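Q: Please take a close look at the charged side chains here, and at how they pair up. I would like one connected explanation that goes slowly and tells me what each term means.

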Amino acid sequence: MEELIARVLRRTGLSFPRGVLTEEVAELAVLIGSDVASGAVWEDALTVASASMWEQLQAPIVAAVNMHLGRADGDDREDLAQVLLLAQRFDPTQPLARALTARAATELRASVQYAEDRMRTAEHAVANGGPQGAVAAARALGAAGVALLDLDPEDFAPEIVVYIDADQSVEALDELARITGDVETRAWAREALGALHVADAPAASAALGALTAGEMPEDPAEDAVWVPVVMALVDEGLERALAEETAKAQASRE
């Protein structure tokens, strides 16, 4: 059953949204890579974390599985039919709920590690101060924010295209920040980034703390946290587009 569930999750991308993960899932993520990432401690923590998630997300998961089932055929359809039976169970200790919770914790841990690495990369420039240090801090903050919030450029593709078509002007960036920066998401970005402290990147951590401190401005275009996140999101979108074009060009030559 575990292999079947893993196969379905891999093929469908089924997962818990990052924005609704509980403290119990965050605590589970901390255990990953530690000496207790297996055995009784892990199993107990996974049970608690699954219980914290399943009640609120069972219905959306059932709907998502049904959607994939309606499009599937052959072996995929058989796999999804079995997973649907699990999704319809209220019991949070059942294998699907546990697998989704473990996946959420694993992905969260990976995003935290990525954000921490970006802070370490920026540490030298930030410690030296000046304009280059400020730019390095903003870039590290933006990349970390995209990772921690699990933002996808494809979700903002129309808005990013408008920004690029406007020659990436300051005015276009302001408008992009305003369109994408709703209050809830910006508050979440401040909370997630404000909790990020890297012991071996003290200058970068201090800069991050300073940027996330204080009241959140009403105008997203004046938000020193959100604007770098938006810029990082654009950069990631452009990198993906370039990679896709390169792959297509290579495939056509072959």
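A: Arg-186 is a suitable place to begin: its relative accessibility is 2%, so this residue counts as buried, a word that stands for under 20% relative accessible area, while exposed stands for over 50% and partly exposed for what lies in between (1.4 Å probe, protein chains only). The model is a predicted one, in which local features need pLDDT of at least 70 and side-chain atom pairs count only at pLDDT 80 or more, whereas totals for chains, interfaces and linings use all residues. Residues are numbered from 1 along each chain as its sequence is written, and side-chain values use heavy atoms, with hydrogens and water left out.

The side chain of Arg-186 forms a salt bridge with that of Asp-223, at 2.8 Å from N to O; the term salt bridge is used when a side-chain nitrogen of Lys or Arg is within 4 Å of a carboxyl oxygen of Asp or Glu. Arg-186 belongs to helix 9 (residues 183-194), while Asp-223 sits in the loop between helix 10 (202-212) and helix 11, so this pair ties together parts that are 37 residues apart in sequence. Helices (H or I, at least four residues) and strands (E, at least two) are DSSP runs, numbered from the N terminus. Asp-223 has a relative accessibility of 1% and therefore also counts as buried.

In another place, salt bridges with shared partners join Arg-7, Arg-11, Asp-76 and Asp-79 into one network. Within this group, the side chains of Arg-7 and Asp-79 meet at 2.8 Å, N to O. Here, too, distant parts of the chain are linked, since Arg-7 lies in helix 1 (residues 2-12) and Asp-79 in helix 4 (residues 74-87), 72 residues apart. With a relative accessibility of 24%, Arg-7 counts as partly exposed, whereas Asp-79, at 8%, counts as buried.

A pair within one helix gives another picture. The side chains of Glu-116 and Arg-120 form a salt bridge at 4.0 Å, N to O, and both residues lie in helix 5 (residues 95-128), four residues apart, which is about one turn of the helix. Glu-116 is buried at 17% relative accessibility, while Arg-120, at 34%, is partly exposed. Altogether, the count of salt bridges by this rule comes to 15.

There are also acidic side chains that belong to a patch. Glu-23, Glu-24, Glu-27 and Glu-191 form a negative surface patch; patches are made of residues with over 30% relative accessible area and no salt bridge, where like charges are joined within 9 Å and nonpolar side chains (Val, Leu, Ile, Met, Phe, Trp, Tyr) within 5 Å. Helix 2 (residues 23-31) supplies the largest share of this patch, three residues. Glu-24 has its place in helix 2 and, at 30% relative accessibility, counts as partly exposed.

Taking the charges of the whole protein together, the mean positions of the 19 positive and the 44 negative ones are 5 Å apart. In this count Lys and Arg are positive and Asp and Glu negative, while His and the chain ends are not counted.

Two further acidic residues show where such side chains can lie. Glu-244, in helix 11 (residues 226-253), is partly exposed with a relative accessible area of 46%. Asp-167 lies in the loop between helix 7 (157-165) and helix 8 (170-180) and is exposed, with a relative accessible area of 68%. The phi angle of Asp-167 is near 65 degrees, a positive value in a residue other than glycine. Most residues other than glycine have a negative phi. Gln-168, in the loop between helix 7 and helix 8 as well, has a positive phi too, near 55 degrees.

Finally, the setting of these pairs is a protein with eleven helices and zero strands. Of its 254 residues, 40% count as buried. If one takes the contacts (heavy atoms within 4.5 Å) with a separation of 6 or more, residues 24 or more positions apart account for 77% of them.

Terms used:
Areas by Shrake-Rupley, 256 points an atom, 1.4 Å probe, with all protein chains shown as cover. Charge placed at Lys NZ, Arg CZ, Asp CG, Glu CD.
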